[in-house]
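Trainee: I have a structure to get to know, and I would rather understand one part of it well than skim everything. Please pick a single strand, take me through it closely, and then work outwards to the rest.

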Amino acid sequence: MASLSTSSLCIATLLLVVVSWGTFASARNFYQDFDITWGDGRAQILNNGDLLTLSLDKASGSGFQSQNEYLFGKIDMQLKLVPGNSAGTVTAYYLSSNGSAWDEIDFEFLGNLSGDPYILHTNVFSQGKGNREQQFYLWFDPTADFHTYSILWNPQRIIFSVDGTPIREFKNAESIGVPFPKAQPMRIFSSLWNADDWATRGGLVKTDWTQAPFTASYRNFNADNACVSSSGSSSCTSSSSSSDGNAWLSEELDSTSQERLKWVQSNYMIYNYCTDAKRFPQGVPPECTMS
């Protein structure tokens, strides 16, 4: 009986630790981290702040933005996209700074007819210049459940990942004259809007408003590993390093991650600006020549 009591005590202690950690880990919520910025009630924070939904109807879409600005970070968000016939709709989730020479790191999800795959559109802007599009199909149905979309942004590179699998890496190429986002703090933005003039098959397929309202859902935002920028100062010191738990500031793809990146790009990439010779007859942008 003594050993049973000891075992029971150990299990109870373990459960208490797990429950306590769960409470601690989920303490932050959308009320604390984000502001709904437009949509006249079409964006909602639900479940005590654990869930955020954006809706689109013929009158308007909706959107939100982070309360904090970030200058580098490892940022995760789980999304469940508009199901069914989502043609003409775009769900945008991105980081962006202000001004005419802004920086931006984009995920955009281009809707499609029922049964046809979503297109995941990515782009990187530096000092107001973009035109760095790469597009992908996904290897799962992004409307059936939540999936994690992540941006790792450090001084050396930007890595886009889906469920922990890297799909794109944009390296710092300042050494060959390509501006890199590293000086302008960025907020997180997301919106659901009608873009049927271009989103689906170049605008040939229009939004079917009989299917409205269209709704996308968000949960489990995580920016614990990010540098919050406020009034010119950062929550990360200039001496921050891996010993401070900031290994992400110098993180790069290991050999396994590089193989996974190649797998995605070989099997699911459907457009890459770096191989579009017709678009760049004078030669592709210089960062495309980096290994």
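Mentor: Happy to. One term will help with the loop that we shall reach shortly: strands here are DSSP runs of E with at least two residues, numbered from the N terminus, so a name such as S8 or S9 tells you its place in that numbering. Please also keep in mind that this is a predicted model.

Let us settle on strand S8, residues 119–125. Is it buried or exposed? Seven of the seven residues of S8 are buried, so the strand is largely enclosed by the rest of the structure. Its side chains go two ways: Ile119, His121, Asn123 and Phe125 point to one side, while Leu120, Thr122 and Val124 point to the other, and all of them are buried.

Now look at the neighbours of S8. Strand S7 runs antiparallel to S8 and is joined to it by seven bridges. Within that pairing, aspartate 106 stands opposite asparagine 123 of S8. With S9, residues 134–136, S8 also pairs in the antiparallel sense, here over three bridges. Threonine 122 has glutamine 134 of S9 opposite it.

The loop between S8 and S9 deserves a pause. A reminder about backbones helps: most residues other than glycine have a negative phi. Glutamine 127 is not a glycine, yet has a positive phi of about 55°. Its place is in the loop between S8 and S9. With a relative accessible area of 52%, glutamine 127 is exposed, because the cut-off for that class is over 50%. Asparagine 131 lies in this loop too, and its phi, near 60°, is also positive in a residue other than glycine. The relative accessible area of asparagine 131 is 41%, which makes this residue partly exposed.

Step back, and what is the order of the strands in the open sheet? The sheet has eight strands in the order S1-S4-S13-S6-S7-S8-S9-S16, and the pairing is antiparallel. At the edges stand S1 (34–38) and S16 (269–272); each has a single partner strand, so one side of each is left without a neighbour in the sheet. From one strand to the next, the twist averages 15°.

Going back to S7, you will find an aromatic contact there. It is one of 19 aromatic pairs in the whole structure. Phenylalanine 107 and phenylalanine 160 meet edge-to-face, 5.4 Å centre to centre and with 90° between the planes. Since phenylalanine 107 lies in S7 (residues 104–110) and phenylalanine 160 in strand S11 (residues 157–162), the pair ties together parts that are 53 residues apart in sequence. Phenylalanine 107 is buried, at 0% relative accessibility, and phenylalanine 160 is likewise buried at 0%.

For a contrast, turn to tryptophan 193 and tryptophan 198: their ring centres are 6.2 Å apart and their planes stand at 50°, so this pair is tilted. Tryptophan 193 is partly exposed, with a relative accessible area of 26%, and tryptophan 198 is partly exposed at 32%. Another group to find is the aromatic cluster formed by Phe30, Phe34, Phe64, Tyr218 and Phe221.

Another backbone detail follows strand S13. Proline 213 lies in the loop between S13 (187–194) and S14 (214–230). The peptide bond from alanine 212 to this proline is cis, with omega near 0°, whereas most peptide bonds are trans.

Finally, the disulfides, which you may want to know about at the bench. The whole structure holds two, and they follow the pattern 1-2, 3-4 when bonded cysteines are counted along the chain. In one, cysteine 227 and cysteine 236 have their sulfur atoms 2.1 Å apart, and the link is left-handed, with -95° about the S-S bond. Both partners are buried: cysteine 227 has a relative accessible area of 2%, and cysteine 236 has 13%. The other joins cysteine 274 and cysteine 288, with sulfur atoms 1.9 Å apart. The torsion about its S-S bond is about -75°, so this disulfide is left-handed as well. Cysteine 274 and cysteine 288 are 14 residues apart, and each is in the segment after S16.

Methods
Residues numbered from 1 in each chain as written. Predicted model: local features only at pLDDT ≥ 70, side-chain atom pairs only at ≥ 80, totals over all residues. Heavy atoms only, no water. Pairing = 2+ DSSP bridges. Helix = DSSP H or I, 4+ residues; strand = E, 2+ residues; numbered from the N terminus. Axes fitted to C-alpha atoms, helices over the stretch in contact; angles between N-to-C directions. Disulfide = S-S within 2.5 Å. Buried < 20%, exposed > 50% of the residue type's maximum accessible area, 1.4 Å probe, protein only. Phe/Tyr/Trp six-rings, centres within 6.5 Å; stacked < 30°, edge-to-face > 60°.
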